Amino acid sequence: MGVWDVVNHPEGVNVIDSTWAFKLKQFKQFPDGLIKKTKAHCCIRGDQQVHRIDFFETYAPVVQWIIIWLMLILEVLLGLKSKQGNITAAFAHADVEKGENIYVEMSQEFKKQGKVVKLKKTLNGLYQRPRAFWLYLTEKMNLCDIKQSTFDPCLFIGTKVMCICYVDDLIFWALNESDINKLADQLVSAYVALEQVSAAAGFLCVRMEIEQSTGLKELKQTALIDRVIETLGLDIGKTSGKFTPPLKQNPW
């Protein structure tokens, strides 16, 4: 992806440290802890960035929940097909904006005397990374003739396909699934590493289930709730009831 260039250590600039973060990514809609894939991120120490030197604007919108609900209602009423997509290494897609010079210490494994890296792409940890990626995605959607809605900047509308964006999580809707697949191919051709998932079964830790007999869609968040309970050690089998004595009555 051409994420950085190795350059000589310049004098009088802010050089930021970096670290590695390792994660097991689980399927959000399933409470049994099924592992989807392992991930490794090179993360920049954003807390060491200096405003107006390493970054300027940071604002990036996310889709409103009312838009998500509206689209789910339209899916049920119009019989739309839906597909969920996730973008691999999303933040590494976007270029560092012109005028921002970000220097980072080389990782311990690759460190060279008197050398640092100058970022060309926005990596995890940078304050401006969500904004840079949102601008990148908007540009690519426009190339595919999918325009932003004036009501919500994270709602994209085309002639046959509609899409919502929450950072790097996407849901597509269309009357025909082939139209969604065609748009996905166009985005991949435009250098968006879109990883397609099947029908939208879970989004932002919310599980979506359709009752076949009625056609109604039900939203559940049991997976996230169960995971929180398990993390806190409050699941059945690990807890036991405690006797709590009553408070003494106030003599007054």
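A residue counts as buried when its relative accessible area is under 20%. Keep that cut-off in mind as we walk through this predicted model. Cysteine 42 makes a handy starting point: its relative accessibility is 15%, so it counts as buried.

Where does cysteine 42 sit? Look in strand β4, which covers residues 35-44. Setting aside neighbours within four places in sequence, cysteine 42 is in contact with Trp4, Ser18, Thr19, Trp20, Leu123 and Asn124. Take serine 18 from that list: serine 18 and cysteine 42 are 24 residues apart along the chain, and their C-alpha atoms are 6.9 Å apart in space.

Now zoom out to the chain as a whole. Its 252 residues include 36% that are buried, and its secondary structure comes to four helices and 15 strands. Take the contacts with a separation of 6 or more: residues 24 or more positions apart account for 67% of them.

Next, find the sheet made of four strands. It is open, with the order β1-β7-β6-β2 and mixed pairing. At its edges lie β1 (4-8) and β2 (15-16), each of which pairs on one side only. Let's go across it strand by strand. β1 pairs with β7 (residues 115-119) in the antiparallel sense, over five bridges. Here tryptophan 4, which also turned up among the contacts of cysteine 42, has leucine 119 of β7 as its bridge partner. Moving on, β7 and β6 are antiparallel too, with three bridges between them, and valine 104 is matched with valine 117 in β7. What about the pairing of β6 (residues 103-105) with β2: parallel or antiparallel? Those two strands run parallel, joined by two bridges, and valine 15 stands opposite tyrosine 103 of β6.

Time to look inside. The largest nonpolar core has 36 residues, and the members that touch the most others are Ile87, Met141, Ile164, Leu170, Phe172 and Leu187. Several elements give two or more residues to this core: the helices α1 (65-78), α2 (129-143) and α3 (177-189), along with the strands β9 (155-157), β10 (161-166) and β11 (169-174). Which of them gives the most? That would be α2, with six residues. To see one of these members up close, click on isoleucine 87. Leaving out residues up to four places away in sequence, isoleucine 87 touches His93, Phe133, Leu137, Asp168, Leu170, Val192, Ala193 and Leu194. Apart from this core lies another one, made of twelve residues, and Val3, Ala92, Val104 and Leu119 are among them. Two of those names are familiar from the sheet: valine 104 is the partner of valine 117, and leucine 119 is the partner of tryptophan 4.

The aromatic rings deserve a stop as well. A search of the whole structure finds three aromatic pairs. One of them brings together tryptophan 65 and tryptophan 69, with ring centres 6.3 Å apart and planes at 40°, so this pair is tilted. The two tryptophans are four residues apart in helix α1, which means that about one helical turn separates them. Tryptophan 65 has a relative accessibility of 32%, so it counts as partly exposed. Tryptophan 69, at 47%, is partly exposed as well.

Another pair joins phenylalanine 91 and phenylalanine 133 edge-to-face, with 6.1 Å from centre to centre and 90° between the planes. This pair links distant parts of the chain, since the two residues are 42 residues apart: phenylalanine 91 is in the loop between β5 (81-87) and β6, while phenylalanine 133 belongs to helix α2. Are these two phenylalanines buried or exposed? Both are buried. There is a charged neighbour here too: arginine 129 lies over the face of phenylalanine 91, 5.3 Å from the ring centre.

Let's finish at serine 149, in the loop between β8 (147-148) and β9. With a relative accessibility of 14%, serine 149 counts as buried. Its side chain reaches the backbone nitrogen of phenylalanine 151 at 3.0 Å. Once neighbours within four places in sequence are set aside, serine 149 is in contact with Leu155 and Ile157.

Note on methods. Residues numbered from 1 in each chain as written. Predicted model: local features only at pLDDT ≥ 70, side-chain atom pairs only at ≥ 80, totals over all residues. Heavy atoms only, no water. Core = buried A, V, L, I, M, F, W, Y, C linked by side-chain atoms within 4.5 Å. Buried < 20%, exposed > 50% of the residue type's maximum accessible area, 1.4 Å probe, protein only. Contact = heavy atoms within 4.5 Å. Pairing = 2+ DSSP bridges. Phe/Tyr/Trp six-rings, centres within 6.5 Å; stacked < 30°, edge-to-face > 60°. Lys NZ or Arg CZ within 6 Å of the ring centre and 35° of its normal. Polar contact = N/O pair within 3.5 Å; in protein donor to acceptor, adjacent residues only side chain to side chain.
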